[in-house]
Amino acid sequence: MGEPATAFHRSFWRTLGWIVAGLALIAACLMMAVSGLDGLPHPLAVAYLLLGALGLALFSAGVLRLVWQLFQRRPIVLIGPWGVLDRRLSPRTIPWLSVASVRVTGVGRQRFLTLDLFPGAERAALSSRSARILLRVNRRTGYPGVHIGTVGLRCRVEDLAEAVLRHRNDVAPGGPPR
């Protein structure tokens with residue numbers, strides 16, 4: 001049946017770096033919101049207050065998620081003969097039978113492993129609403145497919161692609177071990 005699954009774990013130091021960056025953005029949003037309070041009821045002050053509060057909520061949620069993920073010991077991405085599991089996107093496995101093609105794509109300097117799924121497979125493969133929303137946004141902005149990034153992982157995109165080459169042709173039923 002081929003090789004066992006290839007596991008990719010979180011990098012403690014990279015994730016810690018993203019947490020520090022997130023905390024800096026939280027501080028900037030807090031300063032923006034507070035500076036908006038001083039100028040109320042001016043419309044620009046209201047915009048500062050609202051944008052600062054929105055950024056504060058979003059970046060706080062992101063940092064909390066990163067802190068939670070920092071202490072997860074199980075692999076974040078598993079690539080095996082049954083398909084791809086990226087726990088950041090969904091607890092469900094994307095089976096190879098749902099994948100039309102695999103490619104490496106880039107947005108600016110960041111590179112991703114992109115899985116192009118057959119029509120209708122997204123809903124079955126991506127269980128979280130936020131992952132499906134992200135998929136729709138990416139498609140509308142010209143970046144279709146499910147993108148697996150290496151931000152915070154102990155690997156490069158080439159390592160993900162190599163694992164796909166090893167496992168994709170060895171399709172097996174079932175899923176990854178829990």
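**A nonpolar patch, a one-sided helix and a salt-bridge network**

At 48% relative accessibility, L37 counts as partly exposed, and this leucine is part of helix 1. The values reported here come from a predicted model. L37 belongs to a nonpolar surface patch of about 500 Å², in which it is joined by L30, V34, L40, V46 and L50. Two elements, helix 1 (12–38) and helix 2 (43–70), each give two or more residues to this patch. The most comes from helix 1, with three residues.

The loop between helix 1 and helix 2 holds P41. The peptide bond that joins L40, a member of the patch, to P41 is cis, with omega about 10°. For context, most peptide bonds are trans.

Helix 4 offers a nice view of a helix with a buried side. Its twelve residues, 129–140, reach 17 Å from the first C-alpha to the last, close to the 16 Å expected at 1.5 Å a residue. Buried positions in helix 4 include A131, R132, L135 and N138. Seen down the axis of helix 4, the buried residues fall within an arc of 125°, so they line one face of the helix. This pattern can be read against helix geometry: with 3.6 residues a turn in an α-helix, residues three or four places apart point the same way. The buried residues of helix 4 pack against helix 3 (121–125) and strand 7 (146–149), whereas the face turned away from the buried side carries the exposed residues R129 and R140. Just after helix 4, G142 takes a positive phi of about 95°.

Turning to charged pairs, the count comes to six salt bridges. One of them pairs D116 with R103, with the closest N and O atoms 2.7 Å apart. This pair links distant parts of the chain, as D116 lies in strand 6 (residues 110–117) and R103 in strand 5 (residues 99–107), 13 residues apart. D116 is buried, because its relative accessible area is 15%, under the 20% limit. R103, at 31%, is partly exposed.

A second region of interest is a network of salt bridges that links R111, R156, E158 and D159. Within this network, E158 pairs with R111, the closest N and O atoms being 2.6 Å apart. Here E158 in helix 5 (residues 157–167) and R111 in strand 6 are 47 residues apart. E158 also forms a salt bridge with R156, with a closest N to O distance of 3.6 Å. Partly exposed members of the network include E158 at 33% relative accessibility, R111 at 39% and R156 at 48%.

Conventions: Residues numbered from 1 in each chain as written. Predicted model: local features only at pLDDT ≥ 70, side-chain atom pairs only at ≥ 80, totals over all residues. Heavy atoms only, no water. Patch = residues over 30% accessible without salt bridge, like charges linked within 9 Å, V, L, I, M, F, W, Y side chains within 5 Å. Areas by Shrake-Rupley, 256 points an atom, 1.4 Å probe, with all protein chains shown as cover. Salt bridge = Lys/Arg side-chain N within 4 Å of Asp/Glu carboxyl O. Helix = DSSP H or I, 4+ residues; strand = E, 2+ residues; numbered from the N terminus. Buried < 20%, exposed > 50% of the residue type's maximum accessible area, 1.4 Å probe, protein only. Expected span 1.5 Å × (residues − 1). Arc of directions from axis to C-beta. Contact = heavy atoms within 4.5 Å.
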